[in-house]
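Reader: I've got a protein model to look at and no idea where to begin. Can you walk me through it?

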Amino acid sequence: MENVITSQRLFMLLIIIVVGVLLYLLGPILSPFLVGALLAYLTDPLADRLEVAGVSRTSAVVIVFVILTTIVTLLVLLFIPKLSHQIQVMIKQVPAVIALFEEKAVPAIQAYLGDGVSFGDLQSFKNLIASHWEKTGDIMAQVASGLTRSGLAVVGWIANLLLIPVVTFYLLRDWDVMMEKIAHLLPRNVEPIVSRWAKESDEVLGAFIKGQLLVMLALGCVYAVGLWLVGLDLALLIGMLAGLASIVPYMGFIVGIFAAGVAAYLQFHDPIILMWVAAVFGAGQALEGMVLTPLMVGDKIGLHPVAVIFAIMAGGQLFGFVGVLIALPVAAVIMVFLRHVHDGYKNSHLYGPQALAEQIEDELPQAQDIDVNEKR
């Protein structure tokens, strides 16, 4: 029996190594497949609900696919041009931000720390930004021009882009069937453990992707709409930036209120506007704590924000863009594995005599019951 278990472990280790090597070698062509798999994973619960309601699987997938395509199309048509324009506006304001820092912040800091504090030649940096902002703001045009000169790159980019919806549709249609077949391929003695770990990993990953990311998106929309009502030109850009930064608790609030405060002061030159900016972000924080987080995340334990940042950076460093896409699923599996290792360690004699004594106390009544049954 030990030889069988050892062979199984070696076989599964070999599979993991082969998958890792294939990910590394096939990374340049895996992006559309991984994006399609991620979209299929995110939308599978909605398709399952439609299926439970009596809709056939294919029809449910078509409905979900149409909704997803509509959302993506609206995002591209409505938000991308606005974001591009606001980025150019932000670049134009960089010299003004430097001047504001030089006029307001530097004297206050030097008065507090002493005149010996130096911030370098800010005027040269300001002149450099002012002279090159047009070139910087025209980055997309330069990229488009470069792609036009390389016909093969354009064809590859378009092919990958068109492949994503195709992969998403077929994976979403056969998602439950594939999961069932994978479960049947597992060795029978490890299938219950792997299935339990997979379920726990899905809960961890779902708590983050389907919870925290929705909170981030909702906060971004709240901040953007609030700043738009205030009249800020960079409302969409700063709102989305603050929403993305909300992956770390309170980071979105800090980054957003600082960026929005500077942008609002430069636009209106009225300190009163800062009170409205503070009201927007205060309302967003209250909404997050009382409504968004309890409703979308609840008491589920997802990935820690620091673990998410580290996983994404490590995945990008090791496997590039493909590593970024697989970082969160791998981090969820590792978190579940470490949780079980932690529980096993706390219940072992390595942790301390008390753990061993508690284990003996738990096993003693069971042994007494077996002796009583044998005597009977």
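Reader: Where does H8 bend, and by about how many degrees?

Author: Quick heads-up: this is a predicted model, where local features need pLDDT of at least 70, side-chain atom pairs count only at pLDDT 80 or more, and totals for chains, interfaces and linings use all residues. Residues are numbered from 1 along each chain as its sequence is written, and side-chain values use heavy atoms, leaving out hydrogens and water. Helices here are DSSP runs of H or I with at least four residues, numbered from the N terminus, and a bend is the angle between axes fitted to the seven residues ending at a residue and the seven starting there. For H8, that bend sits at Gly206 and is about 30°.

Reader: And which residue follows H8?

Author: Its phi is positive, near 105°. The residue is Gly231.

Reader: Is Thr168 buried or exposed?

Author: Thr168 sits in helix H6, residues 151-173. Buried means under 20% relative accessible area and exposed over 50%, with partly exposed in between (1.4 Å probe, protein chains only). Thr168 has 2% relative accessibility, so Thr168 counts as buried.

Reader: Which residues is Thr168 in contact with?

Author: Contact means heavy atoms within 4.5 Å. Leaving aside neighbours within four places in sequence, Thr168 touches Gly36, Leu39, Ala40 and Leu68.

Reader: Which helix has the lowest mean pLDDT?

Author: pLDDT is the predictor's confidence in each residue, from 0 to 100, and the chain averages 78. Among the chain's elements, helix H9 (residues 235-245) has the highest mean, 89. The lowest, 51, belongs to helix H5 (residues 139-149).

Technical notes:
Helices (H or I, at least four residues) and strands (E, at least two) are DSSP runs, numbered from the N terminus.
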